[in-house]
Amino acid sequence: MQTSRSKFDRALLPDGFTFYRAELGELGRSDRKGWALAKSGCPFHQSESKRSFFVHRDGAFNCFNCGAKGGDIIAFLLLRDRLSFKSAAQQLGAWREDMTPAESNRLRRLQRDRERHRAEQSAEKERQRQERVSAAADLRAADALYCEAIADHDLNLMTDLLPRVRQLEERYYPLAGLEVRYEW
């Protein structure tokens with residue numbers, strides 16, 4: 001009688017943090033139990049706080065908001081990409097059997113799409129950061145001029161600058177996640 005051997009080899013799986021950094025981007029510092037915050041937030045729901053999705057160095061993951069969780073990186077791919085176990089293991093290089101060309105092309109296409117999406121997200125995040133930095137610099141410059149006008153008791157300049165300062169505040173505050181509130 002011939003025994004069937006699994007073609008899955010867990011030893012070929014990448015390290016959990018290496019995998020999650022490639023898939024999700026930057027991770028926070030891990031705690032003493034091996035858990036780290038994924039700074040990009042949960043990939044399974046639209047996270048506003050970006051503080052609920054944690055990954056473990058051994059590959060486990062857990063979202064304290066939407067409840068998505070799993071014990072390894074294969075479970076992550078099964079849930080996120082809706083792959084079969086075999087396809088997920090093949091994508092991670094932990095399946096010792098050759099894939100069909102169609103499966104190989106599909107997995108490569110999926111990986112390219114994911115990488116392009118991550119690059120687009122990263123570029124958008126950098127664009128937003130640059131816009132926020134520019135708005136903050138403009139606001140600081142106008143505010144400094146306004147403070148000088150106050151110190152010099154220059155009412156004409158103060159009258160001209162105040163609307164510009166308010167306009168720049170209205171531009172910067174939402175970019176910084178702050179609320180514009182004027183109390184007279």
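**View 1. Arginine 82 in the loop between α2 and α3.** In this predicted model, arginine 82 counts as exposed, its relative accessibility being 69%. The residue belongs to the loop that lies between α2 and α3, and its phi is positive, at about 55°, although arginine 82 is not a glycine. Because exposed stands for a relative accessible area over 50%, the value of 69% places arginine 82 in that class.

**View 2. Histidine 153 in the loop between α4 and α5.** Histidine 153 is found between α4 (101-151) and α5 (155-175), in the loop that separates these two helices in the sequence. Histidine 153 is not a glycine, yet its phi is positive, at about 55°. With a relative accessible area of 68%, histidine 153 is exposed.

**View 3. The largest nonpolar core.** This core has 26 residues, and those with the most contacts inside it are Tyr20, Phe53, Val55 and Phe76. Two or more residues of the core come from each of α1 (16-24), β2 (53-56), β3 (61-63), α2 (73-81) and α3 (85-91). In soluble globular proteins, nonpolar side chains tend to be buried together.

**View 4. The surroundings of phenylalanine 76.** Once neighbours within four places in sequence are set aside, phenylalanine 76 is in contact with Phe19, Tyr20, Leu24, Pro43, Phe44, Phe53 and Phe61. Two of these partners, Tyr20 and Phe53, are listed together with Phe76 and Val55 as the residues that have the most contacts inside the largest nonpolar core.

**View 5. A second nonpolar core.** Separate from the core of 26 residues, a second core comprises 8 residues, among them Ala142, Met158, Leu161 and Leu168.

**View 6. Glutamine 128 and leucine 175.** Glutamine 128 has its place in helix α4, where a relative accessible area of 39% makes it partly exposed. Although glutamine 128 and leucine 175 are 47 residues apart along the chain, a distance of 7.7 Å separates their C-alpha atoms.

**View 7. Serine 122 and serine 40.** Serine 122 is likewise a residue of helix α4, and it counts as partly exposed at 47% relative accessibility. Along the chain, serine 122 and serine 40 are 82 residues apart, while their C-alpha atoms are separated by 9.8 Å.

**View 8. The whole protein chain, for orientation.** The secondary structure comprises 5 helices and 4 strands, and from the N terminus on these elements follow the order α-β-β-β-β-α-α-α-α. The radius of gyration is 25 Å, well over the 16 Å that the globule rule gives for 184 residues, so the protein chain is more spread out than a compact globule. Its C-alpha trace spans about 100 × 35 × 20 Å along the principal axes. Of the 184 residues, 32% count as buried, and among contacts between residues at least 6 apart in sequence, 40% join residues at least 24 apart. The protein chain exposes about 12,500 Å², of which carbon and sulfur atoms supply 50%. Its charges number 32 positive and 28 negative, and the mean positions of the two sets are 10 Å apart.

Technical notes. Residues are numbered from 1 along each chain as its sequence is written. This is a predicted model: local features need pLDDT of at least 70, side-chain atom pairs count only at pLDDT 80 or more; totals for chains, interfaces and linings use all residues. Side-chain values use heavy atoms; hydrogens and water are left out. The radius of gyration is taken over C-alpha atoms; the globule rule is 2.2 Å times the number of residues to the power 0.38. Buried means under 20% relative accessible area, exposed over 50%, partly exposed in between (1.4 Å probe, protein chains only). Contact means heavy atoms within 4.5 Å. Accessible areas come from the Shrake-Rupley method with a 1.4 Å probe; for residues, only the protein chains shown count as cover. Lys and Arg count as positive and Asp and Glu as negative; His and the chain ends are not counted. The place of a charge is taken as NZ of Lys, CZ of Arg, CG of Asp or CD of Glu. A nonpolar core is a set of buried Ala, Val, Leu, Ile, Met, Phe, Trp, Tyr and Cys residues joined through side-chain atoms within 4.5 Å.
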